[in-house]
Amino acid sequence: MVFGKAPIIKHPSSSIKATARRRHHQKGNMVFVRPTLPPENGKLHDTMSSTSMLNDNPRDLKLNLIKSSHSSIRSSDVASESPTSTIDTTTYQMQQQLDESAYRIQHRQSRSKSKNRQPTTSHSSSSTTKSHSNSKSNVNASNKTPDHLAAAIELSTTNAVAAPAPAAGMYWSRTLTYGRGPSRPLRAHTANLIGEKLYVFGGCDTSLYTMTWSKPRTTSQQGPPPCRAHSCTVVERDLGSGRRSHQLYIFGGGNGPDYFQDIYVLDVETLIWSKPNIQADTRPSKRRAHTTCLWEDKIIVIGGGDGARALDDVHMLDVSNPHAQVLGWEKLQTSGSPPPARGYHTSNLVKDKLVVFGGSDGHDCFEDVHVLDLVKKRWSQIDLDRKIPRLAHTSTQVGSYVFVIGGHDGRRYSQDVLLFNLVTMSWEARKVYGVAPNPRGYHTTVLYDSRLYVLGGYDGKNVFDDVHMLELSACAYLPQITNFEIDV
């Protein structure tokens, strides 16, 4: 995915005039600012399902985000087979296409209604009408409105708009994407933001505000197998003269009953896969549902599961030398109060400290928060004012807060947005407006331009291919807060 500078989207105001102004940006009742989809009332399952139910395909995809004045929506009706891989249309040209699409849809609907009012007098006349209609459809096939434009118009004219919200309130909306996306929805995948490109890999089978999918053509016979619940870590290197390189390090994961312990590296600039040589006697055990982070040119791996049990070990891989012939893992010997073995937890690196929250050992859904001081190699458990169990959620650092979205609480999937204050080490409640995503877990969340984007996920029954955006609004300043310490 390629991100461009996203435009600022204002929230629905309590003012009727302001709301009407935004909802009727151009013609008639077309909503070009913030059309939103109605909630999808999917049935929730109270029990956690095994993540091996679906087949896996490897995914190394990009999404392209371009600047536009239109609101962010996405329809599940937009065909994934769309040949569009990038969008370089200007805002004005897109506006013209939208207007033309609306005109065609309106007249097509009028013709359809008039035909439906005409009574059918005989079977032969019905067949003649059907034949004529098919012939006419074939003749006009070349003039058909592009799928993505038709979807934008139809959604904006038929879907309800969420209740007005204060301008400072955080706000959910659903995004419209273009291009050839994954053939199936996503769960237990990874998503890494490099510059303005979001790289999505793996999972069982994605998508930001006028964004475009593309599928990079990677080379080499040393790419990873299909996998899910792996980790993907961005390693950035300074090449001098203002040039930088980026690599994606993929570790572990699984496919059905198989679990992996290999490292694969994708050079983002050349799109070439490689498989480093690893000193055999240092490799961690096979695993998935673990977490990783990059600290001082070392990839830190915590926990996960090997198919028989949950894991509580911590391993470190030094990747500081890109020309090293052999890489070696190191198992960290830690002290203090380590967390119980777990997988499907989250970890966030804050300077030299790693904050671990939630997860499960296959029996219990954890509610605890532990901090690992990577310098002292010491664990500390945080005393919390509230107990919030979560697994298969996402936790995204936004300045001095961690935003926890979705996941499973041991009974059902959630759609909540939780804020954990890294200074006071406590939970805080904030009201969120708009139409939230369906409850889900096994999704991904990334922070870009003061917005949180949620991709895919699973609710025990459905695997999602949608993308939702949480606009931080009054909290947009939070990413600028960096001068704070975790006191444990």
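Student: Let me start with one bridge. Which residue in β26 is the bridge partner of I405?

Tutor: V417 is the partner of I405 in β26. Keep in mind that this is a predicted model. β25 and β26 run antiparallel, and five bridges join them.

Student: What does β26 pair with besides β25, and how many bridges join it to β27?

Tutor: Strand β27, residues 426-428, is joined to β26 by three bridges, again antiparallel. To see one of them, take L419: its bridge partner in β27 is E428. β26 and β27 make a hairpin, with four residues between the strands. Check the turn too: M425 has a positive phi of about 55 degrees.

Student: How do I read burial along a strand? Which way do the residues of β26 point?

Tutor: Start with the cut-off: buried means under 20% relative accessible area. Then sort the side chains by direction. V417, L419 and N421 point one way from β26, while L418 and F420 point the other way. Both sets are buried. With five of its five residues buried, β26 is largely enclosed by the rest of the structure.

Student: For contrast, is S337 buried or exposed?

Tutor: Neither label fits: S337 has 39% relative accessibility, so it counts as partly exposed. S337 sits in the loop between β19 (335-336) and β20. Its C-alpha atom is 9.4 Å from that of L372, which is 35 residues away along the chain.

Student: Now the rings. What describes a pair of aromatic rings?

Tutor: Two values do: the distance of the centres and the angle of the planes. Across the whole structure, the search gives seven aromatic pairs. Take Y413 and Y458. Their ring centres are 6.4 Å apart and their planes meet at 80 degrees, so this pair is edge-to-face. The cut-off for that class is over 60 degrees.

Student: Where in the chain are Y413 and Y458?

Tutor: Y413 is in the loop between β25 (401-405) and β26 (417-421), and Y458 is in strand β30. The pair links distant parts of the chain, 45 residues apart. Both Y413 and Y458 are buried. A second case is F420 with W427: centres 5.0 Å apart, planes at 65 degrees, so edge-to-face as well. F420 and W427 are also buried.

Student: Which residues do ring pairs link into a cluster?

Tutor: Y344, Y413, Y442 and Y458.

Student: Y458 takes me to β30. How many bridges join β30 to β31?

Tutor: Seven, between residues 451-458 of β30 and residues 463-471 of β31, running antiparallel. One example is V454, whose bridge partner in β31 is H468.

Student: What is the strand order in the five-strand sheet?

Tutor: Read across the open sheet: β28-β2-β31-β30-β29, with mixed pairing. β28 (432-434) and β29 are the edge strands, as each pairs on one side only. From one strand to the next, the twist averages 25 degrees.

Student: Last topic, the pocket. How much space lies in the largest pocket?

Tutor: About 1,300 Å³. Its lining has 36 residues, and A191, C232, T292, S347 and S395 are the closest to the centre. Next, ask which elements contribute. Those giving two or more residues are β4 (190-194), β7 (231-240), β14 (291-295), β20 (346-350), β24 (394-398) and β29 (444-448).

Student: How does the lining divide by class?

Tutor: Into 21 polar and 15 nonpolar residues, with no charged ones.

Note on methods:
Residues numbered from 1 in each chain as written. Predicted model: local features only at pLDDT ≥ 70, side-chain atom pairs only at ≥ 80, totals over all residues. Heavy atoms only, no water. 1 Å grid on protein atoms, 1.4 Å probe; cavity = no way out; pocket = protein on both sides within 12 Å on 5 of 7 lines; lining within 4 Å. Points joined across faces, edges and corners; volume = space filled by probe spheres on them. Nonpolar A, V, L, I, M, F, W, Y, C, P; charged D, E, K, R; others polar. Pairing = 2+ DSSP bridges. Axes fitted to C-alpha atoms, helices over the stretch in contact; angles between N-to-C directions. Phe/Tyr/Trp six-rings, centres within 6.5 Å; stacked < 30°, edge-to-face > 60°. Buried < 20%, exposed > 50% of the residue type's maximum accessible area, 1.4 Å probe, protein only.
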